[in-house]
Amino acid sequence: MGNLLKVLTCTDLEQGPNFFLDFENAQPTESEKEIYNQVNVVLKDAEGILEDLQSYRGAGHEIREAIQHPADDKLQEKAWGAVVPLVGKLKKFYEFSQRLEAALRGLLGALTSTPYSPTQHLEREQALAKQFAEILHFTLRFDELKMTNPAIQNDFSYYRRTLSRMRINNVPAEGENEVNNELANRMSLFYAEATPMLKTLSDATTKFVSENKNLPIENTTDCLSTMASVCRVMLETPEYRSRFTNEETVSFCLRVMVGVIILYDHVHPVGAFAKTSKIDMKGCIKVLKDQPPNSVEGLLNALRYTTKHLNDETTSKQIRSMLQ
């Protein structure tokens, strides 16, 4: 199969766009190459970032020892020595979020431009759609890991407290070159978020919409809702699902579907759960519930706790009860 979509049946608005998005093999066409190559430079570092985050153990023990024995200089030095390289890692993660934001905005520009509709864009520009999906997939994985690692905020708080104490006492701090005060403030805001990467993406998408006033907001939100529909249809249609050659593709699709719903909910004025939403939320939740429970609990929690409009009055009781 070529990398272009095969439209198998006409689009039925209720069912969602009825086509197969080739997340496994899509290759860029000539017109996609420029953006594709720019985004690829960022995405090739994503796996390494996740590995570093997964292996992030924190300096909890050293910090506790230092706090319990404030007069013991050796323990203070040991804690500082443990924290400084960790803050270097946290800085790298934060800087990657900035690169990811720039990549996302490049993709949004390509996937929402006139004269094509979002469906046509996703059909024609499979490789860019795949990269957009990969950004969402990375984002949810990063945030899942960050949420379960309290050491990150503890380490960074200790670093900042110690640094300000050193400044007051005029003690030179070798770690300060790593992270100056302005960067530390931005990193603090980033790590204070429950889902920092998702917040970065939703802010970037909102900013993209406000900076491109000549582009109707629907071009962006329809791109997101179409992506959610494509994922849902591929997951619930045996004919499409049987085309996946890699078992990981199912969890990839599920994660992308959830990521794009959350993004839509943050960017769209009334969100993903209202009756007027272009995302079939009942269908998407049903697809999630049809998977083995332990494989999707994290994704259901992401819908429960990181969306913006779930608890609005406009959300139907049925959708709320499906997510309880």
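These legends accompany several close-up views of one predicted model.

**View 1. Helices H6 and H12 cross each other.**
Start with two helices, H6 (residues 126–147) and H12 (residues 248–267). Two packed helices are described by the angle between their axes and the distance between the axes. Here the axes come within 8 Å and cross at roughly 85°. An angle of 65 to 115 degrees counts as roughly perpendicular, and H6 and H12 are therefore roughly perpendicular to each other. Which residues of H6 meet H12? On the H6 side they are Phe 132, Ala 133, Glu 134, Leu 136, His 137, Leu 140, Arg 141 and Glu 144. Their partners in H12 are Phe 252, Arg 255, Val 256, Val 258, Gly 259, Val 260 and Leu 263. Sorted by class, this contact has nine nonpolar, two polar and four charged residues.

**View 2. Helix H12 on its own.**
Now look along H12 by itself. How far apart are the end C-alpha atoms of H12? They are 28 Å apart, which agrees with the 28 Å that its 20 residues should span at 1.5 Å a residue. H12 is also mostly covered, with 17 of its 20 residues buried.

**View 3. Helix H9 and what covers it.**
H9 (residues 196–211) is a helix of 16 residues. From its first C-alpha to its last, H9 reaches 22 Å, close to the 22 Å expected at 1.5 Å a residue. Its buried residues are Pro 196, Met 197, Leu 198, Thr 200, Leu 201, Ser 202, Ala 204, Thr 205, Phe 208 and Val 209. What covers the buried residues of H9? The cover includes H4, H6 and H12, together with helix H8 (181–192), helix H10 (217–236) and helix H14 (293–306). Lys 207 is found in H9 too, and Lys 207 is partly exposed, with a relative accessible area of 40%. Although Lys 207 and Val 267 are 60 residues apart along the chain, their C-alpha atoms are separated by 9.6 Å.

**View 4. Thr 112 in helix H4.**
Find Thr 112 in helix H4, which covers residues 73–112. Is Thr 112 buried or exposed? Buried means under 20% relative accessible area, and Thr 112 has 1%, so Thr 112 is buried. The side chain of Thr 112 reaches the backbone oxygen of Leu 108 at 2.6 Å. Not counting residues up to four places away in sequence, Thr 112 touches His 121, Phe 208, Leu 215, Asn 219, Thr 220 and Cys 223. You have already met one of these, Phe 208, among the buried residues of H9.

**View 5. Ala 151 in helix H7.**
Ala 151 has its place in helix H7 (residues 151–168). With a relative accessible area of 14%, Ala 151 is buried. Which residues are in contact with Ala 151, leaving aside its neighbours within four places in sequence? They are Tyr 56, Arg 57 and Gly 58. For a sense of scale, take Lys 275, which is 124 residues from Ala 151 along the chain. The C-alpha atoms of this pair are separated by 41 Å.

**View 6. Thr 29 before helix H1.**
Thr 29 lies in the segment before helix H1 (33–43). Its relative accessible area is 24%, and Thr 29 is partly exposed. A polar contact of 2.7 Å joins the side chain of Thr 29 to that of Glu 32. How far from Thr 29 is Asn 181 in space, C-alpha to C-alpha? The two are 44 Å apart, with their positions 152 residues apart in sequence.

**View 7. Lys 317 in helix H15.**
The last view turns to Lys 317, in helix H15 (residues 317–322). Exposed means over 50% relative accessible area, and Lys 317, at 75%, therefore counts as exposed. Lys 317 and Pro 269 are 48 residues apart in sequence. In space, C-alpha to C-alpha, Lys 317 and Pro 269 are 20 Å apart.

Notes:
Residues numbered from 1 in each chain as written. Predicted model: local features only at pLDDT ≥ 70, side-chain atom pairs only at ≥ 80, totals over all residues. Heavy atoms only, no water. Axes fitted to C-alpha atoms, helices over the stretch in contact; angles between N-to-C directions. Helix = DSSP H or I, 4+ residues; strand = E, 2+ residues; numbered from the N terminus. Parallel < 35°, antiparallel > 145°, perpendicular 65-115°, else oblique. Contact = heavy atoms within 4.5 Å. Nonpolar A, V, L, I, M, F, W, Y, C, P; charged D, E, K, R; others polar. Buried < 20%, exposed > 50% of the residue type's maximum accessible area, 1.4 Å probe, protein only. Polar contact = N/O pair within 3.5 Å; in protein donor to acceptor, adjacent residues only side chain to side chain. Expected span 1.5 Å × (residues − 1).
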